[in-house]
Amino acid sequence: LSDAKRTKTTLVSLFSVANAFGRLGAGIGSDALRTVVDRPLFFSAATALMGAAHGMLLFARCTAFLYAAAICSGVAYGAFWSLLPTLVGELFGLRAFASTYNAFTPAVSGASLILSAQLAAKIAESH
């Protein structure tokens, strides 16, 4: 990758803008299409896009592909975090919304810690 400092700045900017569009698109889209498509399907699509973006990041060998992966990651991340509160409220009810939603955020952080610390370390050691 040529000109690493400029590339990093561009990647962060692309991710941030795509994150905003993902939040807006998922929020507006899931509200506009809620009679046609269930919100869990939007959430599943965002999660699938996040998986595809991680696959793109894994095989990125040129700057253009890395930029496309950053855009996909930003859209998926924005959609995920904008749909989660609404989905928790719809699936589990609003009576104990704060407790239920706060149970999800440590789960995401804990899974990230386990996967990055344990799984990545084992894979790195095996190679």
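**View 1. The whole protein is built from 4 helices and 0 strands.** Helices here are DSSP runs of H or I with at least four residues, and strands are E runs of at least two, numbered from the N terminus. This is a predicted model, in which local features need pLDDT of at least 70 and side-chain atom pairs pLDDT 80 or more, while totals for chains, interfaces and linings use all residues. Residues are numbered from 1 along each chain, and side-chain values use heavy atoms, without hydrogens or water. From the N terminus, the order of elements is α-α-α-α. The C-alpha atoms fit a box of roughly 50 × 35 × 20 Å along the principal axes.

**View 2. Here is the largest nonpolar core, with 10 residues.** Such a core joins buried Ala, Val, Leu, Ile, Met, Phe, Trp, Tyr and Cys residues through side-chain atoms within 4.5 Å; buried means under 20% relative accessible area (1.4 Å probe, protein chains only). Look for A26, F43, A46, A79, F80, W81, L83, L84, L87 and V88. Helix α3 (63-92) is among the elements giving two or more of these residues, as is α2 (39-58), and α3 gives the most, with 7.

**View 3. Zoom in on L87 and its contacts.** Counting heavy atoms within 4.5 Å as contact, and leaving aside residues up to four places away in sequence, L87 touches R39, P40 and F43.

**View 4. Across the fold, 24% of the 127 residues count as buried.** Among contacts with a separation of 6 or more, 66% link residues 24 or more positions apart.

Technical notes: Buried < 20%, exposed > 50% of the residue type's maximum accessible area, 1.4 Å probe, protein only.
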